[in-house]
Amino acid sequence: MSARHSSAMERTCQWAFSQEIPTDVVVDVGEASFSLHKFTLVAKSNLMRELILESKESDLTRIDLKQVPGGPEIFEKVAQFCYGVNFEITVHNVAALRCAAEYLQMTDEFCSDNLAGRTEDFITQVALATLSDAIVVLKSCEDLLPIAEDLKIVQRCVEVASAKACVEANCPSSSPPNWWTEELTVLNVSFFKRIMTAMKLRGAKGLTIASAIITYTERSLQDIAVHSPNGIRSPEIRATQIELIESIVAILPREKTAFHISFLCSLLRSAIALKADAKCKKELESRISAVLDHITVDDLLTISSYDGQRLFDLDSVKRIVSSYVEKEKSVEVFNVGNFREVCSAGVQRIAKTLDTYLGELAPCEELTLSKFNEIANLIPKMARKGDDDLYRTIDIYLKAHPNLDEIEREKACSTMDPLRLSHEARLHASQNKRLPVQVVLHALYYDKLQLRSGKEDLGADAAATCVRAEADASLVKENEELRSELLKMKLYIDEMSTKNQGVASKKNAFFASVSKKLGKLNPFKQVSKDTLQIAESRPETAKPRRRRFSIS
């Protein structure tokens, strides 16, 4: 940059020295300095005239113009204009020259055929003649605000670009037909939003607006790192990306079919990753819910930001599916009268997609049992034609989480009805050691009823398999019950033993205490051992037997 400024300064100084009159003022513009003649500048610029004439210094030799629009490069061309040197006005520099002319007060009121009039004519006659040139001029205005806004350059570019874009959308003049959407991708989101708003006011179709938004979003958001390394993201970049997402969502047309659901899911994923405003995410969730019957498993995984290892978000998926189901309930109840008995084809399709989606999430360690059940229960049980897909998902979850106890495995299986499994699934379940015993018995009991009633032609091999599996399951259940009873008995015996030991120790202590106290009161305690022995050795005399005498 400094080398470019130096070359600009040298060229301008050469022009000034070619006048054979010594320069008498130095103009500083940014990092560059230009040695010029006062009379040349005063002749074209009213601002320079005021600065020189109204200066308190008798001989002003230096002027600071650091705020001149366009910087040193544009001021070089301004100086060339003042010296009468020819230079080229293009769509890339015309906006900056027009703003610089306004800042330096180089208008036709001060001097005829001045720079402001020249650049204004070029904008009107050349720059705004085509869509591409209007976009280039509008792009250059991003660094010229607010003066470009005050001069109505931005407004005129927006009006021309929106009008010509509407014409191209209806009657394409080039190939491919949507070439004009690519032209808009160079603009910042603020200018792009203004063009989209202007196109809506001109009656552009929702699909036309959607086409431009999709192209612009794909170009603008392709650099967003949803999973940035170590979560590091520059605050400035993040703020810009959030503004981009929220601005795009704000201008989405209302038509349901205007956007493919995959685009909306990708947009929601970016909003979640950037932690955009809740209103922005709610709007996207509402739009996705409105077309949920077209969603795929990959779309749901996109919203969840699941990369095969880490699970980032499930709340949005729950809100989207719940909203869709509630809407379908209200429609079905109004049309049929009982949502539990009749589910629309859309709900049935969503149920199958959701079961497959849950199967993809099942191996994730971060998927707790409560979250697993919440997702599985989002869809009413009657919306599933059968529970085979759900059984497959539950089996994957139990296999990926082997530390679940019996009660937790029963909770995982509570979302499934074993009686709604196909015969093949029931056979598999009957031999699946990961399932709780109660679930296996339910499946076997149903098969047994079918076998007895003859409603299902199981065949000899299938029947033998059922009987064998039932026997195995019954044996397992008996073993479990026996183990439980033995454990209870052992605990009971240990408890009784502990109580008996406590009672015996207390009883012995009591009698010992009583004996000690009575011993102190015994008057014959000092009797000799011989006397005691004689007394003990004295034989007992038998008492005479009492007889009953009769008077008769």
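**Entry 1: a helix to begin with**

Which residues of helix 4 are buried? I looked up helix 4 in this model, which is a predicted one. I found that its buried residues are Gly71, Pro72, Ile74, Phe75, Glu76, Val78, Ala79, Gln80, Phe81, Cys82 and Tyr83. I noted that 11 of the 13 residues of helix 4 are buried, so the helix is largely enclosed by the rest of the structure.

I then checked the extent of helix 4, which covers residues 71–83. From its first C-alpha to its last it reaches 19 Å, close to the 18 Å expected at 1.5 Å a residue. Just after helix 4 I came to Gly84, which has a positive phi, near 80°.

**Entry 2: the whole chain**

I next turned to the protein chain as a whole. I recorded 25 helices and 3 strands in it. The chain has 552 residues, and 41% of them count as buried. For the exposed surface I noted about 32,400 Å², of which carbon and sulfur atoms supply 53%.

I also looked at how contacts are spread along the sequence. Of the contacts between residues at least 6 apart in sequence, 69% join residues at least 24 apart.

**Entry 3: the sheet**

In what order do the strands of the open sheet stand? I read the order as 2-1-3, and the pairing is mixed. The edge strands are strand 2 (32–36) and strand 3 (62–64), each of which pairs on one side only. From one strand to the next, the twist averages 20°. I saw that helix 4 packs on this sheet, where it touches strand 1 and strand 2. The direction of helix 4 makes about 10° with that of strand 2.

I then took the two pairings in turn. Strand 1 (residues 25–29) and strand 3 run parallel and are joined by 3 bridges. Among the partners in strand 3, Arg62 is the one for Val26, and Asp64 is the one for Asp28.

Strand 1 and strand 2 run antiparallel, with 5 bridges between them. Here Val25 stands opposite Leu36 of strand 2, and Val26 has Ser35 as its bridge partner in strand 2. Val26 thus has a partner in strand 3, Arg62, and a partner in strand 2, Ser35. The hairpin made by strand 1 and strand 2 has 2 residues between the strands, and in it Gly30 takes a positive phi near 65°.

**Entry 4: cover over the strands**

Is strand 1 mostly covered or mostly uncovered? I found it mostly covered, with 5 of its 5 residues buried. Strand 2 is also mostly covered, with 4 of its 5 residues buried.

I recalled that side chains in a regular strand alternate between the two faces of the sheet. In strand 1, Val25, Val27 and Val29 point one way, while Val26 and Asp28 point the other way. I noted that all of these residues are buried.

**Entry 5: a residue in a loop**

Where does Leu144 lie? I located it in the loop between helix 7 (131–140) and helix 8 (147–150). The relative accessibility of Leu144 is 6%, which is under 20%, so it counts as buried.

I listed its contacts, not counting residues up to four places away in sequence: Leu144 touches Pro69, Gly70, Ala95, Ala96 and Cys99. For Leu144 and Ala96 I also compared sequence with space. The two are 48 residues apart in sequence, and their C-alpha atoms are 6.9 Å apart.

**Entry 6: confidence of the prediction**

Finally, I looked up the confidence values. The mean pLDDT of the protein chain is 79, and 73% of its residues reach 70 or more. Over residues 1–6 the pLDDT stays under 50, and the model gives these residues 5 contacts beyond four places in sequence. Over residues 521–552 the pLDDT is below 50 as well, and this stretch has 1 contact in the model beyond near neighbours in sequence.

Definitions and conventions
Residues are numbered from 1 along each chain as its sequence is written. Side-chain values use heavy atoms; hydrogens and water are left out. Buried means under 20% relative accessible area, exposed over 50%, partly exposed in between (1.4 Å probe, protein chains only). Contact means heavy atoms within 4.5 Å. Accessible areas come from the Shrake-Rupley method with a 1.4 Å probe; for residues, only the protein chains shown count as cover. The expected span of a helix is 1.5 Å times one less than its number of residues. Two strands pair if DSSP finds at least two bridges between them. Axes are lines fitted to C-alpha atoms, for helices over the stretch in contact, and angles run from 0 to 180 degrees between N-to-C directions. pLDDT is the predictor's confidence in each residue, from 0 to 100.
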